[in-house]
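Hi everyone, thanks for coming. Let me put the structure up on the screen, and then we can walk through it together.

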Amino acid sequence: MRMHVSLALFYRRGEDGVDPAGIIRRALGEALVHYYPLAGRLREVENRKLVVDCTGEGVLFVEADADVRLAELEAVGLRPPLPCWDQLLFDVEASSGVLNCPLLLIQVTRLLCGSFVFALRFNHTICDGIGIAQFMNAIAELARGLPSTTVAPVWSRELLEARDPPMPSFTHREFDLLLQPPPPAGDMVMRSFTFGASDLAAIKKSLPLPLRDTATTFEALTTFLWRARAAALELPPGGNAPLMIAANFRGAAEMSLPAGYYGNAAVPSTVMVDPAVLRGGSLGDAVALVRRGEGRGDHRIRSFHYRRDGAARPAVLVAGKHVRAL
């Protein structure tokens with residue numbers, strides 16, 4: 001989780017004479033009154049644990065103008081990697097670190113046609129995708145003139161602390177050291193693929209009949225991508241082709257997370273399999289493996305937090321590991 005995540009949203013022209021950057025900047029300031037930890041800075045304490053200093057130093061906000069129209073960007077394709085990404089989200093000097101750096105960077109870029117781009121980079125240690133979406137919704141509501149946000153933010157990070165001493169009750173392969181050399185950097189290329197309804201139907205059609213009607217879209221697509229990635233990396237037989245599923249546990253009774261919680265609320269579950277077995281078996285066999293990784297009862301969630309507080313950080317970014325969010 002010690003990384004930054006970036007995203008961009010493209011908006012068509014709205015009311016004439018309205019400056020989107022000014023409205024968003026005002027709404028951002030109002031939202032940070034309630035989400036004040038986001039205006040602080042992370043620091044590291046004993047055992048590499050992270051804490052937030054609520055210093056009120058603020059977040060980074062950038063205004064920009066681009067001599068391009070939204071239609072021109074659409075013609076290029078609004079999919080990563082965007083050729084102009086470094087201009088839509090300027091990497092402010094000394095801002096991309098995890099510790100002692102701004103937790104948020106927001107840039108609003110006005111386009112020639114009156115449309116605009118809202119780009120954001122956030123520190124993943126402070127919140128997950130659902131959490132940052134909640135914060136962005138708060139900005140949007142305040143920008144529209146609502147007197148308050150629909151969802152009140154809740155910190156409640158203490159609910160995820162492990163008991164002392166930690167007492168994990170499951171084996172968590174996420175903490176295993178997977179000694180597998182990474183592929184050469186020059187061999188890796190970023191490409192975006194869109195799977196439409198017909199593509200998903202074709203994948204499910206290749207499953208055996210009992211699974212064809214019961215496999216979820218997540219299970220079918222995850223299985224398809226997992227097998228394809230293992231083949232593309234040419235993982236050797238006898239090794240590992242791990243699949244890690246990051247499962248959201250909001251709503252899990254054991255965790256008792258309140259509505260409005262905007263921190264990280266996901267635990268990884270890892271499936272280990274020999275690449276030869278993954279490639280040699282059927283798509284249906286692989287779906288069964290994915291379903292094994294989806295099991296995430298409340299007790300397993302709590303057990304992960306116990307294990308996490310008593311060990312080194314999980315080896316998530318390892319060659320050959322395919323990560324999917326659930």
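Please keep in mind that this is a predicted model. The mean pLDDT of the protein chain is 85, and 83% of its residues reach 70 or more. Going element by element, strand β5, residues 104-110, has the highest mean pLDDT, at 98, while strand β9, residues 322-325, has the lowest, at 53. Over residues 314-320 the pLDDT falls below 50, although in the model this stretch has 19 contacts beyond near neighbours in sequence. Where pLDDT is low, the predicted coordinates should not be read in detail.

Now the overall picture. The protein chain has 10 helices and nine strands. Of its 326 residues, 40% count as buried. If you take contacts between residues at least 6 apart in sequence, 77% of them join residues at least 24 apart.

Let's turn to the sheet. Four strands make an open sheet with mixed pairing, in the order β1-β6-β5-β4. Which strands stand at the edges? Those are β1, residues 4-11, and β4, residues 60-65; each has a single partner strand, so one side of each is left without a neighbour in the sheet. On average, neighbouring strands here are turned by 15° against each other, direction ignored.

I'd like to spend a moment on β6, residues 116-123, which runs antiparallel to β1 and is joined to it by eight bridges. Two of the bridge partners are easy to find on screen: S6 is matched with R121 of β6, and L9 is matched with F118. With β5, β6 also pairs in the antiparallel sense, this time over seven bridges, and there L104 stands opposite F122. β5 and β6 form a hairpin with five residues between them, and G114 in the turn has a positive phi of about 95°.

Is β6 mostly covered or mostly open? Mostly covered: eight of its eight residues are buried. In a regular strand the side chains alternate between the two faces of the sheet. In β6, F116, F118, L120 and F122 point one way, while V117, A119, R121 and N123 point the other, and all are buried.

Next to this part of the sheet is a helix to look at. Helix α4, residues 129-143, lies across β1, β5 and β6, and runs at about 140° to β6. One residue to click on in α4 is L142. L142 is buried, with a relative accessible area of 4%. Leaving aside neighbours within four places in sequence, L142 is in contact with R26, A27, E30, A31, S148 and T149. The C-alpha atoms of L142 and I23 are separated by 9.1 Å, though the two residues are 119 apart along the chain.

Last stop, a pair of helices. Helix α7 covers residues 217-233, and at 1.5 Å a residue its 17 residues should span 24 Å; its end C-alpha atoms are 24 Å apart, which agrees. The buried residues of α7 include F218, L221 and W226. Just after α7, E234 takes a positive phi of about 55°.

How does α7 pack with helix α5, residues 197-205? The angle is about 80°, with the axes 10 Å apart, which makes α5 roughly perpendicular to α7. At the meeting point, L200, I203 and K204 of α5 meet T217, A220, L221 and F224 of α7.

That's my tour, and I'm happy to take questions.

Conventions
Residues numbered from 1 in each chain as written. Heavy atoms only, no water. pLDDT = per-residue confidence, 0-100. Contact = heavy atoms within 4.5 Å. Pairing = 2+ DSSP bridges. Axes fitted to C-alpha atoms, helices over the stretch in contact; angles between N-to-C directions. Expected span 1.5 Å × (residues − 1). Buried < 20%, exposed > 50% of the residue type's maximum accessible area, 1.4 Å probe, protein only. Parallel < 35°, antiparallel > 145°, perpendicular 65-115°, else oblique.
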